[in-house]
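Okay, thanks for coming, everyone. I'll put the structure up and then walk you through what I found in it.

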Amino acid sequence: MYKLLNFSVHGNHQGNLVALEKGADFPFDIKRVYYIWGTDKNAIRGKHAHRKLEQVIICTSGSCDFILDNGKNKVTVHLDNPAQGLYIKHNIWREFTNFSDDCVVMVLASEHYDETDYIRDYEKFLGEVE
């Protein structure tokens, strides 16, 4: 359903750096990157699944919780480490909430934006993953 990816951190007294490279750090080629910030603590974002898109989600600052659902099991993953990415395959319902005030979430996606890839109705999602 998901996997936590641990990225190499290069650091010294000047700070830390994580470099993400195509083919080395991801199970897919990155076609789209976006980020989200300034979200109210109790807002619920996401509320959808993808038919083929895969994502790696990195909380570059602060923290939030991802609720992942494959139609049979739900799991909550707490993100608060910028050296770790949450890899989500397709056909997983996702919601995220519990945002810290300083939360910044960066998403790296395997496909360009395509509205037809989204499943935005939970009951329809359940019907497609059975």
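**The pocket, the sheets and a few odd residues**

Let's start with the pocket, and with the strands around it. Strand S4 (32-37), strand S5 (45-50), strand S6 (55-61) and strand S10 (93-97) each give at least two residues to the lining of the largest pocket. Before I go on, please keep in mind that this is a predicted model.

How big is that pocket? Its volume comes out at about 190 Å³. There are 15 residues in the lining, and the ones nearest the centre are Tyr 34, Ile 36, Gly 46, His 48 and Phe 96. If you sort the lining by class, you get eight nonpolar residues, three polar and four charged.

Now the sheets. One of them is an open sheet of five strands, and the order to follow on the screen is S1-S9-S6-S11-S4, with antiparallel pairing. At the edges you have strand S1 (2-6) and S4; each has a single partner strand, so one side of each has no neighbour in the sheet. On average, neighbouring strands here are turned by 25° against each other, if you ignore direction.

As a quick reminder, strands in a sheet pair through backbone hydrogen bonds, and they can do that parallel or antiparallel.

Let's go through some of the pairs in that sheet. S6 and strand S9 (residues 84-88) run antiparallel and are joined by three bridges. If you want a spot to zoom in on, take Ile 57, whose bridge partner in S9 is Leu 86. S6 is also joined to S11, again antiparallel, by six bridges. Then there's S4 with strand S11 (residues 104-109), an antiparallel pair with six bridges.

Which residue of S11 should you look for there? Val 104 in S11 is the bridge partner of Ser 61, and Val 104 also stands opposite Trp 37. So click on Val 104 and you can find both of those partners from one place.

While we're in this sheet, have a look at Leu 5, in strand S1. Is Leu 5 buried or exposed? Its relative accessibility is 12%, and under 20% counts as buried, so Leu 5 is buried. For a sense of distance, the C-alpha atoms of Leu 5 and Ala 109 are 15 Å apart, with these positions 104 residues apart along the chain.

On to the other sheet I want to show. This is an open sheet too, with five strands in the order S8-S7-S10-S5-S12 and antiparallel pairing. Strand S8 (74-79) and strand S12 (118-119) are the edge strands; each has a single partner strand, which is why one side of each is left without a neighbour in the sheet. Strand S7 (residues 64-69) pairs with S8 in the antiparallel sense, over six bridges. Within that pair, Ile 67 stands opposite Thr 76 in S8.

The loop between S7 and S8 holds Asn 73. Asn 73 is partly exposed, at 47% relative accessible area. Its C-alpha is 26 Å from that of Ser 100, and those two are 27 residues apart along the chain.

Okay, cysteines, for anyone thinking about disulfides. How many disulfides does the structure hold? Zero. Cys 59 isn't in one, and the nearest cysteine sulfur, in Cys 103, is 3.9 Å from it. Why does Cys 64 not bond to Cys 103? Their sulfurs are 4.2 Å apart, and a disulfide needs them within 2.5 Å, so that's too far. As for accessibility, Cys 59 counts as buried at 1%, and Cys 64 counts as buried at 0%.

Last topic, the backbone. Most residues other than glycine have a negative phi, and most peptide bonds are trans. With that in mind, look at Lys 47: it has a positive phi of about 55° and isn't a glycine. Lys 47 lies in strand S5, and with a relative accessible area of 42% Lys 47 is partly exposed.

Asn 91 also has a positive phi, about 60°, and isn't a glycine either. Where does Asn 91 sit? You'll find Asn 91 in the loop between S9 and S10. Its relative accessibility is 27%, which counts as partly exposed.

That's what I had. Happy to go back to any of the views.

Terms used
Residues numbered from 1 in each chain as written. Predicted model: local features only at pLDDT ≥ 70, side-chain atom pairs only at ≥ 80, totals over all residues. Heavy atoms only, no water. 1 Å grid on protein atoms, 1.4 Å probe; cavity = no way out; pocket = protein on both sides within 12 Å on 5 of 7 lines; lining within 4 Å. Points joined across faces, edges and corners; volume = space filled by probe spheres on them. Helix = DSSP H or I, 4+ residues; strand = E, 2+ residues; numbered from the N terminus. Nonpolar A, V, L, I, M, F, W, Y, C, P; charged D, E, K, R; others polar. Buried < 20%, exposed > 50% of the residue type's maximum accessible area, 1.4 Å probe, protein only. Pairing = 2+ DSSP bridges. Axes fitted to C-alpha atoms, helices over the stretch in contact; angles between N-to-C directions.
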